[in-house]
Amino acid sequence: MDEVKIVSMFPARTVAYHIVDTEPEGKALEPILKWITENNLVGTMRLFGFNTEPYPSGSNSAYGFGFCATIPEGSEIPSPLYEKRLPGGIYAVLYEYEGHPGFGWEKMGNWQNDPNWEWMYDNSRPGLEEHIPIGDKDGYFIPILLPVKKK
């Protein structure tokens, strides 16, 4: 559990977009990146991925996934993009895990079941995957952010 850092996030206004598909991540990201680029917000925003309904399951190949990027108050958001307010709060952040973000979420789930861990999942806020650009192209460093509260 030393791999997890506890951080406090400020509330944030974001521009968001989500889609249901068998591989929704790229399709959900494209409109957000386009809008962020057109509005000169690259480098000033934080980018987060999040699950939406229907949630991923073994029995359903299509699932919902969205992206949101922090933006200034007063920014006009064109449809089909929409405003999403992130409430902020305390998050357990996992920066290092093997492979796909799903493995990071699994690792976080295991800690939630550990009776010695002093934190518990706070389902009043969304779990997030922060996407931090690395390199010149489409690569991202993806920390897992689990909303938590003290047990």
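In this predicted model, glutamate 73 and arginine 85 form a salt bridge, with 2.7 Å between the closest N and O atoms. The two residues are twelve positions apart and link distant parts of the chain: glutamate 73 sits in the loop between strand S4 (63-70) and strand S5 (82-86), and arginine 85 belongs to strand S5. Glutamate 73 is exposed because its relative accessible area, 54%, is over the 50% cut-off. Arginine 85, at 46%, counts as partly exposed. The pair does not stand alone, as Arg13, Glu73, Glu83 and Arg85 are linked in a network of salt bridges.

Side chains of opposite charge can pair when their charged atoms come close. The structure holds nine salt bridges, and two others are described here.

One of them joins arginine 46 to glutamate 130, where the closest N and O atoms are 2.8 Å apart. Arginine 46 lies in the loop between helix H1 (24-38) and strand S3 (47-52), whereas glutamate 130 is in strand S8 (residues 128-130), so this salt bridge ties together parts that are 84 residues apart in sequence. The two partners fall into separate accessibility classes: arginine 46 is partly exposed, with a relative accessible area of 37%, while glutamate 130 is buried, because its value of 10% is under the 20% cut-off.

The other salt bridge is formed by the side chains of lysine 107 and glutamate 3, at an N to O distance of 2.6 Å. Here too distant parts of the chain are linked: lysine 107 is in helix H2 (residues 101-112) and glutamate 3 is in the segment before strand S1 (4-9), 104 residues away. Lysine 107 is partly exposed at 26% relative accessible area, and glutamate 3 is also partly exposed, at 35%.

Attention now turns from charged pairs to open space. The largest pocket contains about 580 Å³ of space. Its lining comprises 24 residues, and those nearest the centre of the pocket are Phe50, Asn51, Phe65, Trp105 and Glu129. Helices H1 and H2 and strands S3 and S4 are the elements that give two or more residues to this lining. By residue class, the lining divides into 14 nonpolar, seven polar and three charged residues.

Some elements appear in both parts of this account. Helix H2 holds lysine 107 of the salt bridge with glutamate 3, and H2 also gives two or more residues to the lining of the largest pocket. The loop that carries arginine 46 runs between helix H1 and strand S3, and both H1 and S3 are among the elements that give two or more residues to that lining.

Terms used: Residues numbered from 1 in each chain as written. Predicted model: local features only at pLDDT ≥ 70, side-chain atom pairs only at ≥ 80, totals over all residues. Heavy atoms only, no water. Salt bridge = Lys/Arg side-chain N within 4 Å of Asp/Glu carboxyl O. Helix = DSSP H or I, 4+ residues; strand = E, 2+ residues; numbered from the N terminus. Buried < 20%, exposed > 50% of the residue type's maximum accessible area, 1.4 Å probe, protein only. 1 Å grid on protein atoms, 1.4 Å probe; cavity = no way out; pocket = protein on both sides within 12 Å on 5 of 7 lines; lining within 4 Å. Points joined across faces, edges and corners; volume = space filled by probe spheres on them. Nonpolar A, V, L, I, M, F, W, Y, C, P; charged D, E, K, R; others polar.
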